[in-house]
Amino acid sequence: MKLYSLSVLYKVDSKAVLLKAAYDVSSFSFFQRSSVQEFMTFTSQLIVERSAKGSRASVKEQEYLCHVYVRNDSLAGVVIADSEYPSRVAFTLLEKVLDEFSKQVDRIEWPVGSPDTIQYAGLDGHLSRYQNPREADPMSKVQAELDETKIILARKQNSCCAIM
């Protein structure tokens, strides 16, 4: 499971403006990194432009799964992850980031902002923290513990039945 990109955008009519983004392209070769980052920025903007206000969606693009959330106030977020990353955790992350962003960045800056002018430093931290969904998301942690318990119980049941 891997997160590659976390972006905050503002949707103006049928256009999306990138406000801030964080990328983890360390798994790509040095020579691919800038083009992969460009691809992720372009894809994020395209997905937001094609999404309606107040909607959430997951879109498959090549081997990536792009999760988009466009709020009714035109603030949008996009997570680009591999196909194994849990959708529920991605949308939890987007909701958290957009709420935090809207509290820290004044609404009048959204339509005219750019990655260079917007002062918001939380994306890199969220991107690295959510690399492991079990550690970042309490529900995933509980589910993992339940799965482990089921495996242990099944093994004990199988060993008890084998003795009889």
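Ser 114 sits in the loop that runs between α2 (87–104) and α3 (122–129). In this predicted model, the relative accessible area of Ser 114 is 23%, so the residue is partly exposed. Leaving aside residues up to four places away in sequence, Ser 114 touches Leu 18 and Leu 19. A further link to the early part of the chain appears in the backbone: the C-alpha atoms of Ser 114 and Tyr 10 are separated by 9.8 Å, although these positions lie 104 residues apart along the chain.

The overall layout helps to place this loop. The chain has five helices and five strands. Read from the N terminus, the order of the elements is β-β-α-β-β-β-α-α-α-α. Of the 164 residues in the chain, 42% are buried. Taking the contacts between residues at least 6 apart in sequence, 55% join residues that are at least 24 apart.

Two more residues show how distant parts of the chain come together. Val 89 belongs to helix α2, and its relative accessibility is 0%, so Val 89 counts as buried. From C-alpha to C-alpha, Val 89 and Tyr 130 are 8.4 Å apart in space, while in sequence they are 41 residues apart. Pro 133 is part of helix α4, which covers residues 133–136. Its relative accessibility is 2%, which is under the 20% limit, and Pro 133 is therefore classed as buried. Pro 133 and Ala 90 have their C-alpha atoms 8.7 Å apart, with 43 residues separating them in sequence.

The loops between strands hold two residues with an unusual label for the backbone. Asp 13, in the loop between β1 (3–12) and β2 (15–23), has a positive phi of about 50° although it is not a glycine. Ser 74, in the loop between β4 and β5 (75–82), is not a glycine either, and its phi is positive at about 75°. Are these two residues buried or exposed? Asp 13 has a relative accessibility of 71% and so counts as exposed. Ser 74 has a relative accessible area of 4% and is therefore buried.The aromatic side chains come next. A pair of aromatic rings is described by the distance of the centres and the angle of the planes. The count of aromatic pairs comes to six. One of them joins Phe 30 and Phe 31, with 5.5 Å from centre to centre and 85° between the planes, an edge-to-face arrangement. Phe 30 and Phe 31 are both exposed.

Another pair is made by Phe 39 and Tyr 64. Their ring centres are 5.8 Å apart and their planes meet at 40°, so this pair is tilted. Phe 39 lies in helix α1 and Tyr 64 in strand β4 (residues 64–70), so the pair ties together parts that are 25 residues apart in sequence. Phe 39 has a relative accessible area of 22% and is therefore partly exposed, whereas Tyr 64, at 5%, is buried. Ring pairs also link Phe 39 and Tyr 64 with Tyr 4 and Phe 28 in a cluster. A ring can have a charge over it as well: the charged end of Arg 56 sits over the ring of Tyr 69, at 4.1 Å from the ring centre.

Phe 39 leads on to the pockets. Rolling a probe the size of a water molecule over the atoms shows where empty space is left. How much space lies in the largest pocket? The volume is about 150 Å³. Phe 39 is one of the residues that line this pocket, and the others are Phe 42, Thr 43, Leu 46, Ile 47, Arg 50, Ser 51, Val 59, Glu 61 and Val 68. Two elements, α1 (33–49) and β3 (55–61), give two or more residues to the lining. Helix α1 gives the most, with five residues. By type, the lining of the largest pocket divides into six nonpolar, two polar and two charged residues.

Definitions and conventions
Residues numbered from 1 in each chain as written. Predicted model: local features only at pLDDT ≥ 70, side-chain atom pairs only at ≥ 80, totals over all residues. Heavy atoms only, no water. 1 Å grid on protein atoms, 1.4 Å probe; cavity = no way out; pocket = protein on both sides within 12 Å on 5 of 7 lines; lining within 4 Å. Points joined across faces, edges and corners; volume = space filled by probe spheres on them. Helix = DSSP H or I, 4+ residues; strand = E, 2+ residues; numbered from the N terminus. Nonpolar A, V, L, I, M, F, W, Y, C, P; charged D, E, K, R; others polar. Buried < 20%, exposed > 50% of the residue type's maximum accessible area, 1.4 Å probe, protein only. Contact = heavy atoms within 4.5 Å. Phe/Tyr/Trp six-rings, centres within 6.5 Å; stacked < 30°, edge-to-face > 60°. Lys NZ or Arg CZ within 6 Å of the ring centre and 35° of its normal.
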